[in-house]
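Me: Please give me a close look at one part of this model, the place where nonpolar side chains gather, and then set it in the rest of the chain.

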Amino acid sequence: MVAMSDPSPSSPAAADAAHRSGFACFVGRPNAGKSTLTNALVGTKVAITSNRPQTTRHTVRGIVHRPDAQLVLVDTPGLHKPRTLLGERLNDVVRTTWAEVDVIGFCLPADQKIGPGDRFIAKELAGLKRKPKVAIVTKTDLVDSETLAEQLIAVDRLGKELGFEWAEIVPVSATAGKQVELLADLLVPLLPEGPALYPDGDLTDEPEQVMVAELIREAALEGVRDELPHSIAVVVEEMLPREGRPADRPLLDVHANIFIERPSQKGIVIGPKGRRLKEVGTTSRKHIEALLGTPVYLDLHVKVAKDWQRDPKQLRRLGF
């Protein structure tokens with residue numbers, strides 16, 4: 001039942017198998033390692049990561065290309081008990097995604113005992129009768145073998161208690177790269193047969209502007225106080241090549257606004273003498289340049305959008 005790596009090479013029969021393609025979705029409590037796992041499988045950064053829960057707000061699709069298959073990963077926000085309109089909308093996104101994918105991967109961290117949040121999600125999954133469900137025990141590099149074994153048994157028991165069988169139970173460490181390939185090997189047979197859904201070389205279908213905004217938000221989240229992460233939203237207003245530049249020295253002008261909910265939060269984001277905002281700009285600019293493969297001039301402004309998480313009009317304007 002529990003899948004561990006097999007050192008033996010693939011059989012010739014596997015090479016002749018029909019091509020498969022489809023969508024897999026990672027779910028789990030906030031901060032269960034879903035985005036890190038998506039990035040590890042794709043082999044590059046397509047989802048922002050943070051040690052703060054509830055970082056993901058968009059369903060980011062990462063595309064894994066293999067000779068025998070194309071696996072499209074949908075990285076949803078963490079399912080949680082909502083306290084704001086934004087929270088309710090994020091939960092709606094998760095449930096809609098579950099209905100549309102071919103297989104669901106439930107991420108449970110190895111270093112945390114199964115809690116009420118995990119049971120809440122597992123109960124919802126139990127209602128999806130015909131959908132294959134793979135239990136992924138993440139962050140295995142943080143525990144010893146005994147703790148990992150206990151967690152694997154607990155995960156198996158959780159499925160049985162709720163009346164369903166996991167298609168697979170796979171322990172992985174995305175940061176250490178342990179069993180990530182094996183997870184892909186096990187997800188592929190659960191996909192329908194079919195041709196590739198995206199051109200070879202595509203790693204995500206997120207618009208560039210959305211990814212740039214997410215990289216800025218990731219940098220803005222670093223080291224901020226606990227009450228702030230949910231209050232930060234980023235909108236890229238404009239991305240244009242600088243006119244009059246020689247072809248061998250292009251420059252992309254990116255103008256973006258960082259929105260917070262209250263005037264008192266502005267100082268936290270900007271920092272003394274603008275130092276924090278400068279750090280956010282430097283960090284995110286490096287990631288944006290790596291993503292787009294071109295030098296970038298980044299112009300950042302911090303603006304107040306009062307209580308935007310609770311205001312339907314503001315949520316729409318900020319892309320939710």
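What follows starts in the core and works outward from there.

Reply: First, some bookkeeping. This is a predicted model, so local features need pLDDT of at least 70 and side-chain atom pairs count only at pLDDT 80 or more, while totals for chains, interfaces and linings use all residues. Residues are numbered from 1 along each chain as its sequence is written, and side-chain values use heavy atoms, with hydrogens and water left out.

The backdrop is a protein chain with 10 helices and nine strands. Those are DSSP runs numbered from the N terminus: helices are H or I with at least four residues, strands are E with at least two. Of the 320 residues, 49% are buried; that label means under 20% relative accessible area, with exposed over 50% and partly exposed in between, using a 1.4 Å probe and protein chains only. Contacts here mean heavy atoms within 4.5 Å. Among contacts with a separation of 6 or more, 72% link residues 24 or more positions apart.

Now the part you asked about. A nonpolar core is a set of buried Ala, Val, Leu, Ile, Met, Phe, Trp, Tyr and Cys residues joined through side-chain atoms within 4.5 Å. The largest one has 25 residues, and Val27, Trp98, Phe106 and Val155 have the most contacts inside it. Two or more residues each come from β1 (20-27), α3 (85-100), β4 (103-109), α4 (116-126), β5 (133-138) and α5 (145-161). As background, nonpolar side chains tend to be buried together in soluble globular proteins.

Zoom in on Val27. Skipping neighbours within four places in sequence, Val27 touches Lys34, Thr76, Val94, Trp98, Ile104, Gly105, Phe106, Cys107, Ile121 and Leu125. There's also a second, separate core of 24 residues, with Val212, Leu215, Met239 and Leu300 among them.

Cys107, one of the residues that Val27 contacts, brings up the sulfurs. Cys107 is buried at 0% relative accessibility, and Cys25 is also buried, at 0%. The closest cysteine sulfur to that of Cys25 is in Cys107, but at 9.2 Å it's too far for a bond. In fact, the whole structure has zero disulfides, taking a disulfide as a pair of cysteine sulfur atoms within 2.5 Å.

Next stop, Ala126, which sits in helix α4, one of the elements feeding the 25-residue core. Ala126 counts as buried because its relative accessibility is 13%. Its C-alpha is 7.2 Å from that of Gly163, although the two are 37 residues apart in sequence. Outside its neighbours within four places, Ala126 makes contact with Leu162 and Phe164.

For backbone oddities, check Lys139, in the loop between β5 and α5. Lys139 isn't a glycine, yet its phi is positive, about 60°; most residues other than glycine have a negative phi. At 22% relative accessibility, Lys139 counts as partly exposed. Gln179, in the loop between β6 (168-171) and α6, has a positive phi too, near 65°. Gln179, though, is buried, with a relative accessible area of 14%.

Right there in α6 (residues 180-187), six of the eight residues are buried, so that helix is largely enclosed by the rest of the structure. The buried ones are Val180, Leu182, Leu183, Ala184, Leu186 and Leu187.

Further along, Asn257 lies in strand β8 (residues 252-260) and is buried, at 8%. Leaving out neighbours within four places, Asn257 contacts Ala233, Val234, Val235, Glu237, His301 and Lys303. Its C-alpha is 9.5 Å from that of Ile216, 41 residues away along the chain.

Last, a helix pair. The axes of α8 (residues 263-270) and α9 (residues 275-292) come within 5 Å and cross at roughly 60°. That makes α8 oblique to α9: under 35 degrees is roughly parallel, over 145 roughly antiparallel, 65 to 115 roughly perpendicular, and the rest oblique. The axes are lines fitted to C-alpha atoms, for helices over the stretch in contact, and angles run from 0 to 180 degrees between N-to-C directions. Ile268, Val269 and Ile270 in α8 meet Arg275, Arg276 and Leu277 in α9. That contact splits into four nonpolar, no polar and two charged residues, where Ala, Val, Leu, Ile, Met, Phe, Trp, Tyr, Cys and Pro count as nonpolar, Asp, Glu, Lys and Arg as charged, and the others, Gly among them, as polar.
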